[in-house]
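New to this one? Have a look at the model first, and then we'll walk through a strand and a ligand site together.

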Amino acid sequence: MNKDRKNMNIHEESKKEQLKDFSVNDSGTKMTTNQGVRITDDEHSLKAGDRGPTLMEDFQFREKMTHFDHERIPERIVHARGFGAHGYFQVYEPMNEVTKAKFLQDPSVKTPVFVRFSTVAGSRGSADTVRDVRGFATKFYTEEGNFDLVGNNMPVFFIQDAMKFPDFIHAVKPEPHNEIPQASTAHDTHWDFIANNTESTHMIMWAMSDRAIPRSYRMMEGFGVHTFRFVNEKGEAHFVKFHWKPLLGVHSLVWDEAQKIAGKDPDFNRRDLADAIEMGNYPEFEFGVQMIREDEEFNFDFDILDPTKLWPEELIPVRRIGKMTLNRNVDNFFAETEQAAFHVGHVVPGIDFSNDPLLQGRLFSYTDTQLSRLGGPNFHEIPINRPLAPVHNNQRDGMHRMTINQGQTSYHKNSLNNNDPHEATEQEGGFVHYQEKVEGRKVRSRSDSFKDHYSQAKLFWNSMSDVEQKHMIKAFRFELGKVQTKSIQQQMVDNLSNVDLELAQQVALGIGAKAPQAQPEETRESVTLLSPALSQLNTVKSAATRKIAILAADGFDSAEMKAVQSALQEAGVTAEIISEHLGMITGTEGDPLQVKQTFLTADSVLYDAVYVAGGKESVSQIGTIREAVNFLNEAYNHCKTIGAAGEALDLLGTAGIHATSPDQPVGNLEKPFTDTGLVIDSDAGSGADFGQRLVDAMAMHRHWDREVSMSK
Ligand code: HDE
């Protein structure tokens, strides 16, 4: 082993300790210039007389203003809007059979990580909850150097060859003549691209699904998308796909809600992540791998190098091999999150690439883009990007160089410095590329095995539940409804008939296009395969870390409030009291409660559930507030859990919520159903049972039967 790595002891705090060397705390200090000269007055420029011109010699003013003038850097060309957090990763058991990567061997080692979640299309200041793919980029600071897993929350991509990435991004970004629309795919150029590049069909199904509007970064999956390789000590390889599985399950917003949140709280997802970490509700993701032996490469009806194809989990199981915990917010957004530079080519021994043509192109793009974004070739020295593993080579100089390399030599081979730094052997941890045999002619073409653009789009559609399919139809109708060019709408509808005729017809109906009457000849043998793992209805369900609004005023039922609050607390639910005014409100037993929000600052879309506190006086006061009634009505329309007992039931009626008895089916006569999201009791809900029922209903996330019954 390399001598300077011998005593490396990577642990949970390693990165934090490294960052500490660069951190500054201004508390209790005197103000200085950047040269360390103390400042006596930071409010007035130096002038020739009280009312005279500013003097050139005012170095203090010049320095302050110059720095300000240059404090913006270019935003990322894609994934500009993002939010990061620190944490650590631990493997469950040694993975030496398949990979020699050190950070995947010792379950006692906590490898520090930094994760940045992002949207793709919008600018840095755009809203969090837009319909878009989410980036999920993880930097592992391992003892063998940095490994970046730069993934998304969807397992496939829009294109098959990196050559088309600039075209796709030009189409999806705001249109060039007027820079409209911001952070939205609902416009002509985007759909023109999709309609004319049918390889996007599978991915567009994902983008029109609920996956594109996650409830929380803590509740979405991550995927490496491409096929990578694991390589073991013996040099044997497996093809591998990487996954992140959130322990809270995969959950999404409702589209109407997502759009409203974009106005009410554009920082919704980043606030949710930061708050959760602050409260100690550390987001956890299990690291999963799907593996295929090298000799199995051609055993599937899809090409494993094609990034528009997933590996169905039912066919190739996801083995969960470790867990990541995010437990620390950044100290400074710009220094850490904005300056983080991920690169899909940052791999460590034991992890290697495949020939996926999208991956191959990405291997160039990521370092290249940092050169202009972070201003030169030394961005690896920025604290957040520094590996914990020592860095020694003969690279020198360049903008913003910080390392002070000692000595006379900066070349290899040398005799003046004993030929240091030395190359390492493979046994000493040197990276050796997997020796894949490659031969072929130089061609600009694509393998025929990439030509099936519809089977997995159909697989995805088949795997959706009724309500998820309805959401997708609406999403297509919304997006294509915003498209101005009729021919693009028609082209898209016709293309969708390759996936599913009913889907194409439903979309056509919504946007006034001609409905296709039959599937195109060549897709008649359409796939009927199902992958239950793709439906969000089959995910983990938990009330923990969710947010409930408690609508209350003076005179709330103290006993009921106590019982409900204790059940919520026990389940790890965050509850906020909302009332007409800030300050305190008092219950029937004289107990005071702090109000957290008013009906002006809060909104139902910012909560997972609502509970209307009982107590005659409280209920009648809340009932007079129009925003409170709307609050309930909207929560109901968004299929959220609503709790009310005793007198509070009257308020549900005022809000147009049909709730007479918990067991009585509601909904229109054709589709009566029991609304699992209405937690109601004709008596006051002071028993333990009421609070527990509320928690159980919240765990279900949303109550989709309500939506199905409400929609035509
Ligand atoms: Fe990226 N992508 N990408 N991408 N990507 C960038 O790198 C690119 C692709 C992904 O939080 C850029 O530093 C090309 C797939 C994430 O900082 C850029 C192609 C996947 C992030 C770039 C793709 C991703 C980026 C812009 C097609 C999922 C944000 C700024 C060949 C597996 C990382 C930057 C962060 C960012 C290029 C396709 C994920 C320009 C050429 C597929 C999560 O280099």
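## A strand and its partners

Let's start with a pairing: F228 has F353 in strand β10 as its bridge partner. Keep in mind that this is a predicted model. F228 belongs to strand β6, which covers residues 228-231, and β10 takes in residues 351-353. The two strands run antiparallel, with three bridges joining them.

β6 has another partner too. Strand β7, residues 237-246, pairs with β6 through four bridges, again in the antiparallel sense. Here V231 sits opposite A237 of β7. β6 and β7 form a hairpin with five residues between the strands, and G235 in that hairpin has a positive phi near 85 degrees.

## Buried or exposed?

So what about the two faces of β6: are they buried or exposed? Both are covered. F228 and F230 are buried on one side, and R229 and V231 are buried on the other.

## Around the ligand

Now over to the ligand, which has 25 residues around it. Which of them come nearest? That would be R76, H79, G135, A162 and V225.

Several elements supply at least two residues each to this shell: β2 (111-119), β3 (134-142), β4 (145-152) and α9 (357-373). The biggest giver is α9, with six residues.

As for the chemistry of the shell, 13 of its residues are nonpolar, nine are polar and three are charged.

Methods: Residues are numbered from 1 along each chain as its sequence is written. This is a predicted model: local features need pLDDT of at least 70, side-chain atom pairs count only at pLDDT 80 or more; totals for chains, interfaces and linings use all residues. A residue is buried if 20 or more other C-beta atoms lie within 10 Å of its own, exposed if 12 or fewer, and partly exposed in between; C-beta atoms are placed from the backbone. Two strands pair if DSSP finds at least two bridges between them. A residue is near a molecule or strand if its C-beta atom, placed from the backbone, lies within 6 Å of it. Ala, Val, Leu, Ile, Met, Phe, Trp, Tyr, Cys and Pro count as nonpolar, Asp, Glu, Lys and Arg as charged, and the others, Gly among them, as polar.
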